[in-house]
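Grab a viewer and work through these exercises with the model open. Each one sets a task and then walks through a solution.

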Amino acid sequence: MSRRAVWARLSDAQLLAQCEVDTYRASGPGGQKRNKTSSAVRLRHTPSGLLVIAEESRSQHENRDRALRRLRRALYLQLRDELTPEQLRPEHLAQHEDYHDARTAAGRLDLGRKDPRFWPVAGVVLDVLQALGARVSEAAEALGVSTANLISFLAVEPKVWEQANHLRNRFGHKALRSS
């Protein structure tokens, strides 16, 4: 199991124990109480170096929970697992712990952002894109889906779309255009 997968599967308390936690006063709406309460939360995940912030709520507890959710997403968005040529074979990816139950019976990736499988699958998809030089058609073939279906999956979440285009730019390809 990769470091990313281990970290993402930790309980909130275990993940929080790996972080430096800062609380501070955030500016913005909230009235007088906002200026007296250190409710904003900044988490720095020490092992990975990722930094996330949550300051929307006047409640420090709500902001801490939001920051933890953002950290889990950031693990899948920003940390790439290296895949060997053997691991890129469709039959191997079909057995990947984060991907094996992602496709429908018709072989499509139809997951919404609120599906608990979405972020782990997005991590695998981005890993495959990176390993194949951000070539979408080759990544789709390795993942066992159509190119159109893969592009639709990437477009479900703007941050995943942005990360895919970041990879494409890094490999010298044009950005994907949303339809």
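Contact here means heavy atoms within 4.5 Å. This is a predicted model, where local features need pLDDT of at least 70 and side-chain atom pairs count only at pLDDT 80 or more, while totals for chains, interfaces and linings use all residues. Residues are numbered from 1 along each chain as its sequence is written, and side-chain values use heavy atoms, with hydrogens and water left out.

**Exercise 1. Place alanine 131.**
Task: find which residues alanine 131 is in contact with, leaving aside its neighbours within four places in sequence.

Solution.
- Step one: locate alanine 131 in helix α6. Helices (H or I, at least four residues) and strands (E, at least two) are DSSP runs, numbered from the N terminus.
- Step two: list the contacts, which are Leu83 and Leu88.
- Step three: check the separation from leucine 88, which is 43 residues in sequence but 8.1 Å in space, C-alpha to C-alpha.
- Step four: look at accessibility. Buried means under 20% relative accessible area, exposed over 50%, and partly exposed in between (1.4 Å probe, protein chains only). Alanine 131 has 35% relative accessibility, so it counts as partly exposed.

**Exercise 2. Lay out the sheet.**
Task: work out the strand order of the open sheet and how its strands pair.

Solution.
- Step one: recall that strands of a sheet pair through backbone hydrogen bonds, either parallel or antiparallel. Two strands count as paired if DSSP finds at least two bridges between them.
- Step two: read off the order, β1-β2-β3, with antiparallel pairing. β1 (19-24) and β3 are at the edges with a single partner strand each, so one side of each has no neighbour in the sheet.
- Step three: get the twist. On average, neighbouring strands of this sheet are turned by 15° against each other, direction ignored. Axes are lines fitted to C-alpha atoms, for helices over the stretch in contact, and angles run from 0 to 180 degrees between N-to-C directions.
- Step four: go pair by pair. β1 and β2 are joined by six bridges, and tyrosine 24 stands opposite alanine 40 in β2. Strand β2 (residues 40-45) has four bridges to β3, with leucine 43 opposite valine 52 in β3.
- Step five: inspect the hairpin of β2 and β3. Five residues lie between the strands, and glycine 49 takes a positive phi near 85°.
- Step six: follow the side chains of β3 (residues 51-54). Val52 and Ala54 point to one face and are buried, whereas Leu51 and Ile53 point to the other and are not.

**Exercise 3. Trace the aromatic cluster.**
Task: which rings are linked into a cluster by ring pairs?

Solution.
- Step one: set the rule. Rings of Phe, Tyr and Trp (its six-membered ring) pair if their centres lie within 6.5 Å; planes under 30 degrees apart count as stacked, over 60 as edge-to-face and the rest as tilted.
- Step two: search the whole structure, which gives two aromatic pairs. Phenylalanine 118 and tryptophan 119 are edge-to-face, 5.2 Å centre to centre with 90° between the planes. Phenylalanine 118 and phenylalanine 153 are tilted, at 5.1 Å centre to centre and 40° between the planes.
- Step three: see what the second pair bridges. Phenylalanine 118 is in helix α6 (residues 118-131) and phenylalanine 153 in helix α8, 35 residues apart.
- Step four: join the pairs up, and Phe118, Trp119 and Phe153 form the cluster.
- Step five: check burial. Phenylalanine 118 is buried at 0% relative accessibility, tryptophan 119 is buried at 12%, and phenylalanine 153 is buried at 1%.

**Exercise 4. Compare two helix packings.**
Task: what are the angles and axis distances for α8 with α9 and for α6 with α9?

Solution.
- Step one: fix the classes. Angles under 35 degrees count as roughly parallel, over 145 as roughly antiparallel, 65 to 115 as roughly perpendicular and the rest as oblique.
- Step two: take α8 (residues 147-155) and α9 (residues 158-170), which pack at about 120° with axes 6 Å apart. That makes α8 oblique to α9.
- Step three: identify who meets whom. Ile151, Leu154 and Ala155 in α8 meet Val160, Trp161 and Ala164 in α9.
- Step four: turn to α6 and α9, whose axes come within 10 Å and cross at roughly 10°. These two helices are therefore roughly parallel to each other.
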